[in-house]
Amino acid sequence: MKKSEKKFLPLFHQSEGKKALVVGGGAVAFRRCRILLDAGFVLTVVALAFDPVLKAMLEKHNAAIKQKAYEPDDIDNQYLVVAATDDVAVNQAIANVCKKRNIPVNVADNAHACDFVFSSVVERGPLKIAVSAGGKSPVLARLLKHLINGLVPSGYGELAGLVGEYRQKVRRAIPDEKQRIAFWESVLQGAVAEAVFSGKKAEAQSLLEKAVENPEKTIGAGEVYLIGAGPGDPGLLTLRAFRLIQQADVVLYDRLVSDEVMSLIRPDAEKIYVGKRRANHAVPQDDINRLLVQHAKQGKRVARLKGGDPFVFGRGGEEIEELSSESIPFQVIPGITAANGCAAYAGIPLTHRDHAQSVRFVTGQLKDGTVDLDWKTLVQPGQTLVFYMGLKGLPIIARELVLHGADKKLPIALIEKGTTMDQQVHIATLETIVDVLENASVKSPSLLIVGSVVSLHGKLQWFDKGRGH
Ligand code: SAH
C-alpha cells in the first residue's frame, strides 16, 4: 500500500539552550549532532559505540556522552529527538515512544517516521534560507541550496546586521507602516545595500544614518547601474549583473543586448531602446546621458544595459561622467567582451604559448571612408588581433595588413552573432577572406580574429558541435 504523502511546515525554532537527544554514534549521527550543536542545542548522545571524530566533537562542545544501550527514559525532558542508529528496529522503537509522548522525532533514512526533517541551509548571518525536499531527496535539496548560495550576495548577512540595528529607530521616525516598508525597500535595494555588497561598511552606515534622518529623500533617491550584458548568451552575465537587471525599474538598452538577456528584465520595468533603428540614427549620446540622469532623479533604479563590456568600445565612460557631475550614485558591472566570448565559443584561444604572446583589441570602424590605424604596430609576430566593428572595413583591413608585412596565408576568423544559438564561424586567410565571404550574408554583429591562433579552431571548436550546424 502506498503511504500517504506527508506535509511539512517550515518553522524556525528558537533552539539556543534547548535539550536534544541523538541516539547513534556513526556518520549520520555526526552530521545531525553538528547541525544541532551549531544551533545551540544542549546535546545528549546515546550510543553503544562512538565514532572517534564524533566523540571529539561532542567533548569539545561539552555534550553529554552516554555509551550504553538506548532506554525510553533517555527521552525524558527532551525538546526533540533524533534516532540515527544503524538498527531499524531500535530507530522505530524510539519513534514509537516519541510519538506517544508528543516529542518531535527525526528518524534517519525513514522519512515516513519523521515528525521533522533537516533542511539544507544557506546562511548569511542572521538570514537563513532553508531548502527541503520533504525527505524525498536530500541530494536535490543540497543542489538547490548550492544554486541559491551562488545567487545570494555574500553581503546579505552584513546588510541584515546593519539594518537590524536601525529597526527601532526607523519605527519611531516613520510611524506609518506603508511608508516604512517603502523606506526599507529603497534602502535594501539601493545605495546602502550596494555599499555593503562592495565592502564599504562605513559608507553604508553613514548613508543609512542620513537616510533615517531624511526618509523622504531616500524613498525618492535613484541610482544607475552601467551593466555589461555580454555578447549574447545570458549564461555569461555576472551574478551581480543578473541581480541588478532584475532590480531595475527602468532599462535603457541597445541593439547588441540579446533577447535572452532582455527576457530577464522584470515584466513591470520600463524598457527604453536607445540604439540605432534602420534608417534612423542612434539616439545621440547626449540624449542617452540625459535620460539616465532624468530617470535617476525621479528616484528610479536605472539599468543601462550595454552589449559586451561597457568599457570596451562602449562609451561607458561618457555616460557615467554625466552621472558623476550630477552626484547620482552609480556602479559599473563588467561584462564578457565580444573578443572573449567569441574566442571561447569559437574555440580560438586569444593567446597560446606556441602562437601568440599578446593580443590587441582594435576598432575597425571606418573613418572618412578609410580605416585609420597604425598598421605597423598591428603587424607584429606573436600577436593576435581582434577587430570590433570590422566587417565594412574588412577588405581594407586584409589588404593593409598584407601590405605592412603580414603573411597573406595568415588565418582569419569572422564570427557572427558569437555565443548565441545563431553563431557562425567563417575561417579563411587574409588573402581569401573577402572571396570566402562574398556570397555569405553575414549577420550583425560580427567580429574578426586575425593570427595563427585561428588555426586551432579546427581542433578546439566545441560550441557548434551537436547543434545541427
Ligand atoms: N562593448 C562591446 C563592443 C561594442 S562595439 C563589447 O565589449 O563587446 C560593437 C562591436 O562589438 C560589433 O560591431 C562587433 O564587432 C562586436 N560584437 C559585439 N557582440 C558581438 C557578438 N555577439 N558576436 C560578434 N561580435 C560582436
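The paragraphs below walk through three helix pairings and then the surroundings of the ligand.

The model is predicted, so local features are reported only at pLDDT of at least 70 and side-chain atom pairs only at pLDDT 80 or more, while totals for chains, interfaces and linings use all residues. Residues are numbered from 1 along each chain as its sequence is written, and side-chain values rest on heavy atoms, with hydrogens and water left out.

Helices here are DSSP runs of H or I with at least four residues, numbered from the N terminus; their axes are lines fitted to C-alpha atoms over the stretch in contact, and angles run from 0 to 180 degrees between N-to-C directions. Helix H5 (residues 156-165) packs against helix H9 (residues 201-213) at an angle of about 35°, their axes being 11 Å apart. This crossing is right-handed, a term for a near helix turned clockwise from the far one by less than a right angle. Glu158, Leu162, Val163 and Glu165 of H5 make the contact with Lys201, Ala204, Gln205 and Leu208 of H9, where contact means heavy atoms within 4.5 Å. The residues of this contact comprise 4 nonpolar, 1 polar and 3 charged, with Ala, Val, Leu, Ile, Met, Phe, Trp, Tyr, Cys and Pro counted as nonpolar, Asp, Glu, Lys and Arg as charged, and the others, Gly among them, as polar.

H9 also meets helix H7 (residues 177-188), and the two axes come within 12 Å and cross at roughly 160°. H7 and H9 are therefore roughly antiparallel to each other, the word applying to angles over 145 degrees. Their crossing is right-handed, and Phe183, Trp184 and Val187 in H7 meet Leu208, Ala211 and Val212 in H9. By class, this contact has 6 nonpolar residues, with no polar and no charged ones.

Elsewhere in the sequence, helix H13 (residues 285-297) and helix H14 (residues 316-325) pack with axes 9 Å apart at an angle of about 45°. That angle makes H13 oblique to H14, oblique covering angles that are neither under 35, over 145, nor from 65 to 115 degrees. Gln285, Ile288, Asn289, Leu292 and Val293 in H13 meet Glu318, Glu319, Glu322 and Leu323 in H14, and these residues divide into 4 nonpolar, 2 polar and 3 charged.

Turning to the ligand, 18 residues surround it, of which Asp309, Val312, Thr337, Ala338 and Ser446 come nearest; a residue belongs to the surroundings if one of its heavy atoms lies within 4 Å. A backbone N or O atom of aspartate 309 lies 2.8 Å from an oxygen atom of the ligand, and a backbone N or O atom of alanine 338 likewise lies 2.8 Å from a ligand oxygen.

Notes: Helices (H or I, at least four residues) and strands (E, at least two) are DSSP runs, numbered from the N terminus. A polar contact is a pair of N or O atoms within 3.5 Å; within protein, one must be able to donate a hydrogen and the other to accept it, and residues adjacent in sequence count only if both atoms are side-chain atoms.
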